[in-house]
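Visitor: Before we look at the details, I would like to hear the reasoning behind each label that you use.

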Amino acid sequence: MSDRNNSKSSLSPSGYRITEDDIKKVNLYNKGVNKMSEEKFEDAIRCFDLSLRIDPYFVDSLIKKGYSHFHLNQYNQAISLFDQVLEIDVNNAGVWNLKGLVYYKLKEYEKAIECCQKALDINPNDAMVWYNYACYLTLNKQISEGMDALKKSIELDISNAKKAVKDRDFLSARMEEDYKRIIEVVILESIRQGNDHLGKILWITGLDRIEIQDATTRLANKGLLIKHTKKTFTGKDEQYELTQELISKIGVEKRKTGSSPSKHFEGKKEVFISSQQLKDISKILYEASEASDRGDIKKLMQNIDQLLNPILHGTLILDNFFEEHRELRLYGSRLREKGQEYLNSNKEEISRFLLEMDKKIRG
């Protein structure tokens, strides 16, 4: 906000002097955003232009104007506007990500990759940027690096696993073992939530029948689920159940249904957590705390990975202890990036967090 002297102005709570021009440019910006929500992008651009006449360095309007041009497939204009923003604020990770998205649309994947790298240098914990980075790497035939980025994205946001199995950008990676394991995670989570038929998993995940059958066969061979084949009027249907050993580790979700038939499908989910799984989590947290106190980064990282792994305990912790799951992800990310130096500086803080988390879970 401007702080120039103006008789028709007032002070904001933070001490900035708000002028009539400030109010006008923000109103025009908000009008432009509303036009974007209505998908009237040309009208939105006119609003942002009027806002920028008042303040040519109004970053929010520059970004939204660039994004409007992007939606109109006017990619050169979008890049020009994003570059203007980066001249003002080179550390704007969101704009680096948007610029990468434009290059992706232009199929200039190397430039898109560079933009993601810039964004991740600024904010290494942005799951969406890691996901985009994985797409661009895979499309650029850097499949191994793409799978590493995708795993990082899923670690930060488990919902990206379900998104990835539907994404055609990963078509060339479907034969990779890492990608197959991601499909297995999505299928296990679907079954855990009660979608135990082939038809249900087809609808929920968007995977094709052959991929599901191949993945469930691999999971059955690993001793993680049991497959049943039932005859129906139209042929055969496959039904799956998790093994008791896996249920003891990850729990299952069942639906409470009312007595009224009309409410049969409106039941609330109830999560059943086994006492064995709680004991396992508590044990890992205690070992992690001790590893932190000793400065044993290798052991600590192994413990954190066990807690975040969606096949083991990650999904349970995410569903029931969201804040703690987020903090674990952040600690894991910082330890990977900064190594032993970070642990040495923060071992007491990490150990205290792990013990508090253990206390909360046992409570």
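**Cores, salt bridges and loops**

Guide: In this predicted model, the largest nonpolar core holds 67 residues, of which Tyr-133, Leu-150, Phe-170 and Ile-187 touch the most other members. Helix α7 (residues 127-139) supplies the largest share of this core, namely nine residues. Apart from it lies another core of 24 residues, including Ala-288, Ala-291, Leu-328 and Met-357.

Visitor: Which residues does Tyr-133 contact beyond its neighbours within four places in sequence?

Guide: With those neighbours left aside, Tyr-133 is in contact with Ile-113, Cys-116, Gln-117, Leu-120 and Ala-149.

Visitor: What makes the pairing of Lys-25 and Asp-55 a salt bridge?

Guide: The N to O distance between the side chains of Lys-25 and Asp-55 is 2.7 Å, and because the cut-off is a side-chain nitrogen of Lys or Arg within 4 Å of a carboxyl oxygen of Asp or Glu, the pair qualifies. Lys-25 belongs to helix α1 (residues 20-37), whereas Asp-55 sits in the loop between α2 (41-54) and α3, 30 residues apart. Asp-22 is linked with Lys-25 and Asp-55 in a network of salt bridges.

Visitor: Why is Lys-25 called buried?

Guide: Its relative accessibility is 6%, and because buried means under 20%, Lys-25 counts as buried.

Visitor: How do you know whether Glu-184 and Lys-222, which meet in a salt bridge, are buried or exposed, or something in between?

Guide: Glu-184 has a relative accessible area of 3%, which is under 20%, so Glu-184 is buried. Lys-222 has 47%, which falls between 20% and 50%, so Lys-222 is partly exposed. Glu-184 lies in helix α10 (residues 177-192) and Lys-222 in the loop between α12 (209-221) and β3 (225-232), so their salt bridge ties together parts that are 38 residues apart in sequence.

Visitor: Why does the pair of Arg-336 and Asp-305 count as a salt bridge?

Guide: The closest N and O atoms of Arg-336 and Asp-305 are 3.7 Å apart, and because the limit is 4 Å, this pair is also a salt bridge. Arg-336 is in helix α17 (residues 322-338) and Asp-305 in helix α15 (residues 297-308).

Visitor: What makes Asn-73 and Lys-141 worth pointing out in their loops?

Guide: Asn-73 has a positive phi of about 65° although it is not a glycine, and Lys-141 likewise has a positive phi of about 65° without being a glycine. Asn-73 is at 53% relative accessibility and Lys-141 at 73%; because exposed means over 50%, both count as exposed.

Conventions:
Residues numbered from 1 in each chain as written. Predicted model: local features only at pLDDT ≥ 70, side-chain atom pairs only at ≥ 80, totals over all residues. Heavy atoms only, no water. Core = buried A, V, L, I, M, F, W, Y, C linked by side-chain atoms within 4.5 Å. Buried < 20%, exposed > 50% of the residue type's maximum accessible area, 1.4 Å probe, protein only. Helix = DSSP H or I, 4+ residues; strand = E, 2+ residues; numbered from the N terminus. Contact = heavy atoms within 4.5 Å.
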